[in-house]
Structures are given as structure tokens and as C-alpha cells.
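Trainee: Could you walk me through how two parts of one chain sit against each other?

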Amino acid sequence: MPDTITREEICQPENMIYCRTPLLTDAPLSYCPGCGHGTAHRLIMEVIEEMNLQADTIGVAPVGCSVLAYDFLDIDMQQAAHGRAPAVATGIKRLMPDKFVFTYQGDGDLAAIGTGETIHACNRGENITIFFVNNGIYGMTGGQMAPTTLPNMKTATSPFGRDVQTMGYPLKITELIAMLPGTYFVSRQSVHTPANVRKAKKAIEKAISYQKLNKGLSFVEIVSNCNSGWKMTPLESNKWMEENMFSFFPLGDIKVPK
Amino acid sequence: MKDIRLMKGNEAFAEGVIRAGCDGYFGYPITPQSEVLEYLAAQRADERTGMVVLQAESEIASIHMVYGGAACGKKVLTSSSSPGISLMQEGISFLAGTELPCLLLNVVRGGPGLGTIQPSQSDYFQAVKGGGHGDYKMIVLAPASVQEMYDFAKLGFDLAFKHRIQVMILSDGAIGQMMEKVELDDQVPRMTNEEIIQKYPWTTTGKTPDRERNIITSLDLNPVRQEIINRKLQEKFKKIQETEVRFERIQCDDAEYLFVAYGSSARICQKAVMLGRARGLKIGLLRPITLFPFPSDELAKLSKQVHGILCVEMSAGQMVEDVRLSVNGAVPVEHYGRLGGIIPAPDEVLHVLEENFINETMISESAAGGERKS
Ligand SMILES: Cc1ncc(C[n+]2csc(CCOP(=O)(O)OP(=O)(O)O)c2C)c(N)n1
Ligand code: SF4
Ligand SMILES: [Mg+2]
């Protein structure tokens, strides 16, 4: 009996309790440790795999920290200009109506520069799915104020806190698009605890399966952290998110099919 | 039996788009080109061929819808007029960076700003020099008749897919609005998804087990690789310059003086050539059909033959820069432009040509004879 066990001996199927989803590539994630983007990616790809949709999926990556999503997701993808993913997805879905088409967007992308494209894709009831990762900040460009930045929250461009009198109020875009007749399913989730991950996965499953019904747009917001942009440790950022973000952006389904 | 109809330029273009087997149109209304979307809607293009026709919320959305469709290998287009085309520039740059084929129509109106809805040729720089960011070019076709508005729809798609490039049809309000007879071709069938996958294996059509995933992106943060990407693009533009130049020579064989003009201005100059010839003046017209690639070699040749070139444009002088570069000082090049939506008249441009070159030549000839009074 050897007194040490090797990596190969450990990595046996019978010992496996958790593994990389096969639809995630080998590329190391470029996200900061502790960031929610990686978990969100994983959940989406898990569902696509479980629903056997790889060959039928076309994804659209945004401009933001997840601009390189196509490096990690083993599906056909297009990279869209900042904010325009819903228009790009509209072009794809209208011409490839049998495909599963989704966008993956941050809050700056979806609710600032791309507000018009978001609202109109929702209002036309495009049969696409939007995954919206709301971290209340511009992660990629170094932590500037986002449309979803909370009142008094400090960012690189609101160093003394967001003054709503001059900088406007955080935008509840998800509630806004839920009011439009073109949206079919709208849900807000988070991925910072195992329980939340399970709920988020359910919402993602619904959003994806509803697309097949051709009854309108399905939309899942994931309230997430940006520990780097918020200048916190991952743990602190999750705690801060629970204490501050969830009261403004309450979790749960916002619009469900009747 | 030939199918010949009397049509407006914009409508002929839209008909050409349908018959070319186009898959999708995305656009936003703006004068003087709204007839394109109106015609496609009235014609029930969706029922005729199954093509998608969608009024977008803006020109920005339109161009990015085009991007999404083009990346799936579909024949897609948008059309607009000057202010709308300005809005699209980031999107066009993304299409250039990802080498996506598509067709764009600019029915140019006068600017800057909201300007006027009258015809103009003041968007030449934007179309030919790359209006968006980065080092890129589009193929730019300049129709001078309603027939060419129709023909260039199919030609544009063919060139776009041949080179994986954006093709812009640079028209103007006069060509878009005027009516002429047009000869129509048979319907080209739309391609099936299977045919697209076969012919264009780079498209995002869903990753199947037999291939790696397809990614459409213009991003590469590694400067070494990004330079290689850019050099490859430049090679493509060079090849296009070498192989795709199109122009029309009108009465150039014995010409001593030359007009250079495209689109509406070329129509005016063609008439001016007739007027001048009737008076015994040997005038010709070179009409560039492709503005990129520009017919530089042809102009260089002609510069050895003629005594003077007048470039006529409905702009303050844009194409004239390319004419001067082509001629490289071999012969005097002058510019005549009308602005703000005014279309010059044939006798007006003929007069300018005479004033610039012919009368002057007579004076200098007489000066050489020693009769000049000072
Ligand atoms: C037209 C344009 N304007 C600005 C930028 C710069 N930019 C890149 S990402 C970004 C913000 C992204 O923030 P968000 O969408 O919230 O994504 P996150 O990085 O937080 O996930 C900005 C402003 C750009 N790339 N393009
Ligand atoms: S900057 Fe923020 S959003 Fe971007 S990877 Fe880091 S933690 Fe995530
Ligand atoms: Mg963000």
C-alpha cells in the first residue's frame, strides 16, 4: 500500500461529488474571485445541457465584465456592442426562430446605454431570454456609477455617494419591463448562497423553457456582487448585498404566466 | 417576356432586395427613403418570400439587428438617410471588425445636422473613408439611375458575401425619389439554413458535435494578434481595390476635358457632355460606380489624355480629393459643388468647365502668340 494517494486515484467517477459543467470550456474564468458572474454562467450552461440545447442555442455577450463570456460557454455566440444585445438577439431570433436565443448583460449595458433596446425588445415580445446581472456598478471599467447604483452608494464617479438630487434614482428596470405586455416571465434572483443558487436555477429553467412557447420575452435578473468595484472582500460584499441591495431589489418572481 | 415597370428609385431598390433572395430588413423611417420599408410592407415581402421585415425603434437598433442576422449567414440589410446613417456608425464598425456581410442603403440628404430633406452628396467621406472608428472600408456603390437602384441590391449582396464585407449603396434623394423604367429579373430563392451552414461554416447557427463553437467578435486585447487581424483586413481591402473597381466611361475616347461625377451629378454631367459636344467641345465623363474601390488607375490614365478635369459633386468637395490623389498633379483638377440640396443644371456645370479650362486655354494660347494685352 502506498502511503500517499495520487491525484489520479482521487479523480475517479465514484468519488465525484461536483464537477465542471461540460458546456463550460477549459478556459480559466477571467472574473475576480468571489464574483457572481461565474456562478451565473454555470447555472445557464447547466440548464442548457440538461435541456439538451447546445446545438440549438445562440448566445449574445455584452460589453461589460462578461464581454468574454464566449470564451467560457461552449456554444455559438456573438459579441454585441455596448447595450445592443437585445437588438442583436432580435435579429438572430427573427431569422432563426427555431433557435434558443439569449442575451447576458450587466446593468450598465442593459439599463443605461441599452435602455431603448431593452424596453423595445421586451415591448415587441421578442421570443428571447435576457439574463441580467445587476451588480449596481460598472465592474469592467473600474467601478463607476451605474443606473442601479443605490442612493448614497460610493463609486468612482460618485465618490461622495450617489446624490439622487443630481445623479438621479436607481432604475428598477426589471419592474418596468414586467409591466409591458410583451414580457411573459420576469424574475429576480441571486446566486450568493446554495439556496439562492437553487432558486435561480429554477428561474433560469423556466425562462428557457418558456421561450419555446413563443409567448414573449423571458427575463431573469440576478442581483450580484462586485467585490472589486465595491472595494470589499467577497464575503463582505455578499453581506452588503443582502443588507442593502435586496431591500431595493427584492428577490422573487415579478411576473409569472397566468 | 421582359418584366418592365415604372418605379421610384427607392421602390426599385426594395423590389431588388426581395428578388435577390434577401432574408431580413430592419429599418427606421426617414425622408427621403421611407418608401423602402413602406414598399416592403405593402408588398407583403414576408408572404412573397418569407423574408423578415421589421420596423426597429431606431437606426441604432436596426444596424445591430442586421449584425445579429448577418452573423447567422442571412442576407440582411438596413436603409436610411444621412442622420440615421450617422447613428449607425458604431454598429457598422462592429460589422467591419467581425467581417459580417450586409447591405446598407444611404439615400443621402443635405447636412450637417438635420439639414434638409433635399438630395445631397455630402456623405461621401463618411461612406468611403470609414465613418465609424477603426481602420476599415466598405464597398461603396453609387447608382445613377432607378435601374441601378434595383440592380445594386443583388450586386451588393453578391459582393458582400464574396468578400465578407459591408456594401453601402450611396444614393441620394433625387435618385431615390425619381421614377424611371426598370427591367426586373426572376426571383432568386432564399437560402435554406442547411445551405448556409454548408456554404458559410463560420456562422452562428448552433454548435453541433461535428465542429468547434463559432464566435463572432471583434475583440482581441492582445496587440500582436490585433495587429494581425488588422493587417488581414487591409489585405482584403487591397484585393478589393485590385479586383472590384467599376466605372463608366462616357465619351472619353477622344475627350480633351473631363467631368468626374457619380450618382445624380453624373446624370447632370452626362447631359452637359451632350451640350458641349453639340458645340464642338471634346468633353467626356468618367462616372465612378464603385467609390471604394475608387477608379484611380483609370483616372491616372485619362489624366495623360485630357487638359483639365472638373469634379462635380453636390458637396463642398469630397470626392475631388480622391480625384486629385489619382491624378497626382498630372493635370489641373477643379471642383464644382452645389450645397444644401440644390442640384446643379447641365448648362451651369458646362459653363464652369469652360470657364476653368477652355476659355483659360484660349487666353493662354493667345498669350503665347504675343497678343496678350497687359
Ligand atoms: C459605446 C461604449 N461606451 C462605453 C464603453 C465602456 N464600457 C465598457 S463596459 C462598461 C460598463 C459595463 O458595466 P455593466 O454593464 O454594469 O457590466 P459589469 O462590468 O458591471 O458586469 C462601459 C461603460 C464601451 N465599451 N462602449
Ligand atoms: S470587477 Fe466586479 S463584476 Fe467584474 S469580475 Fe470583478 S467582481 Fe466581477
Ligand atoms: Mg454592472
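Mentor: Sure, starting with the split: chain B is divided into domain 1 (3-197) and domain 2 (247-373), with bounds from an automatic or database domain assignment. This is a predicted model, where local features need pLDDT of at least 70, side-chain atom pairs count only at pLDDT 80 or more, and totals for chains, interfaces and linings use all residues. Residues are numbered from 1 along each chain as its sequence is written, chains are lettered from A and ligands numbered from 1 in the order written, and side-chain values use heavy atoms, leaving out hydrogens and water.

Trainee: How many residues does each domain of chain B bring to the contact?

Mentor: Contact here means heavy atoms within 4.5 Å. Counted that way, domain 2 of chain B gives 24 residues and domain 1 of chain B gives 28 residues.

Trainee: What area do domain 1 and domain 2 of chain B bury between them?

Mentor: Buried area is the accessible area (1.4 Å probe) that two parts lose on being put together, summed over both. Carbon and sulfur atoms carry 54% of it here, and the total is about 2100 Å².

Trainee: Which residues of domain 1 of chain B lose the most area to domain 2 of chain B?

Mentor: Three residues together make up 33% of what that side buries. They are B:Q121, B:Y124 and B:F125.

Trainee: Which residue forms a salt bridge with B:E148?

Mentor: A salt bridge needs a side-chain nitrogen of Lys or Arg within 4 Å of a carboxyl oxygen of Asp or Glu. The rule finds three across this interface. For B:E148, the closest N and O atoms are 2.8 Å apart, and the partner is B:R287.
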